[in-house]
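Here is a friendly walk through one chain, starting at a single residue and working outwards. Keep the structure open beside the text as you read.

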Amino acid sequence: MPKEEMKRPLIRGGGGGGGGSRHLEASLSDPGAPVVGILGTGDFSRSLARRLVASGYQVVVGSRTPKRSVALFPEEAEVTSQMEAVSQADLVFVAVFPEHYSTLAGLKQALAGKTLVDVSNGVRINRDGPSHAERLADMFPESSVVKGFNTLSAWTLQMGPRDGSRQVLLCGDSSKAKGSVTQLCRSMGFVPVDMGLLSSSLEIENLPLYLFPSWRVPVLATLALFLFFYLYNFVRDVLHPYVTKGKSVFYKMPVDTVNVTLPSVALVMLALVYVPGVYAAVLQLLWGTKYNRFPDWLDRWLTRRKQLGLCSFLCAALHAIYSLCLPMRKSARYKIYADFKEGKEWDDQEVWRMELYLSVGIMALGLLSLLAVTSLPTVANSLNWREFSFIQSRLGYAALTMATLHTLLYGWDRAFHGDQYRFCLPPTFMLVLVLPLAVLLGRLALSLPCVALRLRRIRRGWEKSRQIRFTLPDEDRRNGHPLEDMSDV
Ligand code: NAP
């Protein structure tokens, strides 16, 4: 956050001019208002002080060098020594980097019986613990530590809840201490979310450090598929004519090759959205119960379906844009001219094929757009479960069917032409069709009345045997416990 922004008041100073940029007109603080302490005078402390003063609290900031920092705080906040600050307040924010917590040891006595709010974030994800908040609680056993506010940036604090995330995740072992931080959080205009005991602090501390955790696998899968199909198309469409006829068509690489690669990735990704659902249904049918645990990888796959679908939508949308731009290229105009000079005749079958595959492709993109829109949380929240599953399942399968038809019509009878097997490699559309066709056939088999009825019964709790199989999680398996425990119901 730029220093100039930090120094600028949230609300311009009122008349009198004396307050200048340090006077907060909106301040409601009066001598009877609750006192909140802050240790540290950095970016976070300054934003927090401004927000607290504007919310009507008395703020006392503890610094190692109060004289140096006093000009950076609003006039309504008192900047003093660390000891002075903690002895005045019952609730103290620790806005100091965790590496320096040990330098606060001298405040132990003064902080006894008080609430400490740990706002710190780590540098890297810490999976093993202890968290900074737990370390602070160990250092100050007579104080009650609450973890929170770390998911807000200094900028969000400065701007207030109107211009940033409104939720503040809190946790702590003392319900009284947590209650007072919750109250303070509400009066600052944020929405407190109770995350339970201090043992949750590790999770809260790690939250700001994650980089799109649910997107990593779908994005990597998209990139891997793109790379594979791009190289495949390059070998067949660009390298083959060069090697066999000495014809250089390398100009196709930026647009043509990308444009045949994108729909391949889109279709396979869309099929990947529906593979785990079909596989899970088959497992339940084979097991004759829904009470067995799915393998971990299948669970994770099921939870990533939205991201897989959105990656598919992105590729399909890019394919549409690329296709619209095809006629703009010089190479396309040369081709039209060459065809004209060659006297190429109207080919009824070819014209029909093109009309059909374009129309079905547009429909597929339209349905995919609908799926993408309904996956937005605001739209999804306005739908009930039946509406949501109708759109995501029925319309999703309709989109998959349309996209598969689009590819089938594109392929037409080319699979039977010998010249399509360049370097003995089958045409790309044949490879692409394997997974979607398998998914659609699987779905069709699952909707046969006898299968669908059995699956419906299983999903409502019916079991093949009256024995429930309890499969232990991985950890128990590693500890040498038996894999399954058969218990009578
Ligand atoms: P900062 O600008 O570097 O300020 C840290 C402050 O700690 C210093 O100004 C210093 O104030 C004080 N301090 C006390 N003992 C210290 C010591 N031994 N050595 C160095 N400094 C010491 O850091 P910040 O950005 O405000 O962050 C403070 C805490 O808030 C961190 O734990 C951070 O993870 C957390 N946080 C920050 C943000 C953000 O957007 N900045 C967001 C969420 C959480 P005095 O010199 O006056 O004593």
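Let us begin at Pro-427, which touches Arg-236, Gln-420 and Tyr-421, leaving aside residues up to four places away in sequence. Please keep in mind that this is a predicted model. Pro-427 sits in the loop between α17 and α18. Is Pro-427 buried or exposed? Its relative accessibility is 1%, below the 20% limit, so Pro-427 counts as buried. Pro-427 and Gly-411 are 16 residues apart along the chain, and their C-alpha atoms are separated by 8.5 Å.

A second loop residue makes a nice contrast. Arg-64 is found in the loop between β2 (58-63) and α3 (66-69). With a relative accessible area of 73%, Arg-64 is exposed. Arg-64 and Thr-80 are 16 residues apart in sequence, with a C-alpha to C-alpha distance of 8.4 Å.

**The chain as a whole**

Stepping back, the secondary structure of the chain amounts to 20 helices and ten strands. The chain has 489 residues, and buried residues make up 40% of them. If we take the contacts between residues at least 6 apart in sequence, 71% join residues at least 24 apart.

**The sheet**

Eight strands form an open sheet with mixed pairing, in the order β3-β2-β1-β4-β5-β6-β7-β8. Its edge strands are β3 (78-81) and β8 (191-194), each of which pairs on one side only. From one strand to the next, the twist averages 30°.

Three of the pairings can be followed residue by residue. Strand β5 (residues 115-118) and strand β6 (residues 144-147) run parallel and are paired over four bridges. Here Val-117 stands opposite Val-146 of β6. Val-146 also stands opposite Gly-172 in β7, and the pairing of β6 with β7 is antiparallel, with two bridges. On the way to the edge, β7 and β8 run parallel and are joined by four bridges. In this pairing Val-168 stands opposite Pro-192 in β8, while the bridge partner of Leu-169 in β8 is Val-193. Between these two strands the chain passes through α8, going from β7 to β8 in a right-handed β-α-β crossover.

How many of the six residues of β7 are buried? Five of them are, so β7 is largely enclosed by the rest of the structure. As a reminder for viewing the sheet, side chains in a regular strand alternate between its two faces.

Helix α8 (residues 175-187) deserves a look of its own. It lies across β1 (35-39), β4 (91-94), β5, β6, β7 (167-172) and β8, and runs at about 170° to β7.

**Two helix pairs**

Packed helices are described by the angle between their axes and by the distance between those axes. Two such pairs are set out below.

| Helix pair | Angle between axes | Axis distance |
|---|---|---|
| α10 (residues 216-245) and α13 (residues 305-325) | about 35° | 9 Å apart |
| α17 (residues 385-411) and α18 (residues 428-446) | roughly 145° | within 10 Å |

The crossing of α10 and α13 is right-handed. On the α10 side, Pro-218, Val-219 and Thr-222 make the contact, and on the α13 side it is made by Gln-307, Leu-308, Cys-311 and Cys-315. Sorted by class, the contact of α10 with α13 has five nonpolar and two polar residues, with no charged ones.

The crossing of α17 and α18, by contrast, is left-handed. From α17 come Tyr-397, Leu-400, Thr-401, Thr-404, Thr-407, Leu-408, Tyr-410 and Gly-411, which meet Phe-429, Val-432, Leu-433, Pro-436, Leu-437, Val-439, Leu-440 and Arg-443 of α18. By class, the residues of the contact of α17 with α18 divide into eleven nonpolar, four polar and one charged.

This brings us back to where we started. Gly-411, one of the α17 residues in that contact, is also the residue whose C-alpha lies 8.5 Å from that of Pro-427. Pro-427 itself is in the loop between α17 and α18, and Arg-236 is among the residues that it touches.

Methods
Residues numbered from 1 in each chain as written. Predicted model: local features only at pLDDT ≥ 70, side-chain atom pairs only at ≥ 80, totals over all residues. Heavy atoms only, no water. Pairing = 2+ DSSP bridges. Axes fitted to C-alpha atoms, helices over the stretch in contact; angles between N-to-C directions. Contact = heavy atoms within 4.5 Å. Left-handed = near helix turned anticlockwise from the far one by under 90°. Nonpolar A, V, L, I, M, F, W, Y, C, P; charged D, E, K, R; others polar. Buried < 20%, exposed > 50% of the residue type's maximum accessible area, 1.4 Å probe, protein only. Right-handed = clockwise from strand over helix to strand, strands pointing away.
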